[in-house]
Amino acid sequence: MADLRGYAVVTAAYWGFTLTDGALRMLVLLHFHQLGFSPLDLASLFLLYEAMGIVTNLAGGWIAARFGLRLTLLVGLAIQVFALLLLSALDTTWSIGFSVFYVMVAQALSGVAKDLTKMSSKSAVKLVVKEDSGEASNNRPGLLFRWVALLTGSKNALKGLGFLLGGLLLEGLGFQLSLWVMAFGLALVLLGSFLLAERALGRVKSPVGTRELFSKTRQINLLSFSRVFLFAARDVWFVVALPVFLYSSLGWSFEEVGAFMAVWVIGYGLVQAVVPKFTRGVVTPQQGVKAAEFWGGILMVVPLCIAGGIWMDTAAGPYILIIGLLVFGFVFAVNSSLHSYLIVGFSDADKVALNVGFYYMANAVGRLGGTLLSGIVFQFAGLTACLVVSAAMILIATFPLLLLSRQRE
């Protein structure tokens, strides 16, 4: 019961954090695009945000294993409050070069905060959910799969609400006041977490050496490699290319861009939460690998169809793009949910924080590469090229699953 309460507190805090994280992403992107930043400049604002996830996830998993998930959660929330306040001090009279550097530093802190809180919540689920061996015989989705899917889906739905909130705040309150409001709300979440979170949640009894940071099983290594390219495939069009295209090429307002991004991510999150209901054959990690192979193949085709449709019919391009990206969101949600389940399912309880940290370090590598390519490819070749690059990355992400499937047979 104590573990369950601790998990509930960690998850609630993660939800609160996610709302501000989504809003911050939209605030920064639209505000600085309005100030005249190029797509490559915009991408650079998020590079340290993603890069810090590489170090944070790796070190955070080790820290959580030694000192508990409560510490990583509280530190993550505190850093995000500080990052919001730091960003609110930005002066528009500064040069673009110094402004980019300043925002990159603030975003780097936000990236550290995001990965500490995410790792805490994703690890906690393994500690409180006990699989029922009878579920496999009943051909029901495993309990762990359902909980991981629900957590991942709810997080992304809230991040989508954050995108919408960011657009509304920017339009209604302006950049600085919006950041103050978000910092105050997150400070309340930090206080509640400090008072309610269990001190020993996630702390392992045996000593954890630094060599265990990189000493992983073959399953964990293959899943992590796949994760790099899976999320790079999304971010290469999602982070910079799509919102800038909607605003500058289609003439959408801040609220419309924020609303579409919100609908996409909320829908993506809702699909993630119910993935176990239409992948009912997945009751073990081995079956999850087979399902991930199948859905990965479908995902690869989608961006190619969107790019081809835009190229063949320019007039209908905007409609093809919007409908196609909604389909991409559905299929990507299934893939993401399966991958999130696999990393937890293949991990032992006493090493889950270490493995999840390592896995999301790989996730950060992919998002870093995708973010950089989103600015570069869009600036020099346009949105259609971003979609073609996305398909190539999905193809690469599928190969490790084929190796993993053969190993398990």
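The exercises below, each with a worked solution, concern helix α9 and its surroundings in a predicted model.

**Exercise 1.** Compare the reach of α9 from its first C-alpha to its last with the span expected at 1.5 Å a residue, and state whether the helix is mostly covered or not.

*Solution.* Begin with the extent of the helix, which covers residues 218-238 and therefore comprises 21 residues by the DSSP run that defines it. Its first and last C-alpha atoms lie 31 Å apart, which is close to the expected 30 Å. Turning to accessibility, 17 of the 21 residues of α9 are buried, and the helix is accordingly described as mostly covered.

**Exercise 2.** Determine how α9 is oriented relative to α10, and which residues make the contact.

*Solution.* First take the geometry: the axes of α9 and α10 (residues 241-249) come within 5 Å and cross at roughly 20 degrees. Because angles under 35 degrees count as roughly parallel, α9 is roughly parallel to α10. Next list the residues, which are Val236, Trp237 and Phe238 on the α9 side, with Ala241, Leu242 and Pro243 on the α10 side. Finally sort them by character, which gives six nonpolar residues, no polar ones and no charged ones.

**Exercise 3.** Carry out the analysis for α9 and α11, adding the handedness of the crossing.

*Solution.* The axes of α9 and α11 (residues 254-278) are 14 Å apart, and the two helices pack at an angle of about 165 degrees. Since an angle over 145 degrees counts as roughly antiparallel, this is the relation between α9 and α11, and their crossing is right-handed. In the contact, Phe231, Arg234, Trp237 and Phe238 of α9 meet Met261, Trp264, Val265 and Tyr268 of α11. Seven of these contact residues are nonpolar, none is polar and one is charged.

**Exercise 4.** Is Val236 buried or exposed, and which residues does it touch beyond four places away in sequence?

*Solution.* Val236 belongs to helix α9, and because its relative accessibility is 0%, Val236 counts as buried. Leaving aside residues up to four places away in sequence, Val236 touches Ala241, Gly370, Leu373, Ser374, Cys386, Val389 and Ser390. A further distance concerns Gly375, which is 139 residues away along the chain, yet the C-alpha atoms of Val236 and Gly375 are separated by 8.0 Å.

**Exercise 5.** Is His339 buried or exposed, and which residues does it touch beyond four places away in sequence?

*Solution.* His339 is located in helix α13 (residues 317-345), and at 2% relative accessibility His339 counts as buried. With residues up to four places away in sequence left out, His339 touches Ser226, Arg227, Leu230, Ala292, Tyr359 and Leu401.

Key: Residues are numbered from 1 along each chain as its sequence is written. This is a predicted model: local features need pLDDT of at least 70, side-chain atom pairs count only at pLDDT 80 or more; totals for chains, interfaces and linings use all residues. Side-chain values use heavy atoms; hydrogens and water are left out. Axes are lines fitted to C-alpha atoms, for helices over the stretch in contact, and angles run from 0 to 180 degrees between N-to-C directions. Helices (H or I, at least four residues) and strands (E, at least two) are DSSP runs, numbered from the N terminus. Angles under 35 degrees count as roughly parallel, over 145 as roughly antiparallel, 65 to 115 as roughly perpendicular and the rest as oblique. Contact means heavy atoms within 4.5 Å. Ala, Val, Leu, Ile, Met, Phe, Trp, Tyr, Cys and Pro count as nonpolar, Asp, Glu, Lys and Arg as charged, and the others, Gly among them, as polar. The expected span of a helix is 1.5 Å times one less than its number of residues. Buried means under 20% relative accessible area, exposed over 50%, partly exposed in between (1.4 Å probe, protein chains only). A crossing is left-handed if the near helix is turned anticlockwise from the far one by less than a right angle, and right-handed if clockwise.
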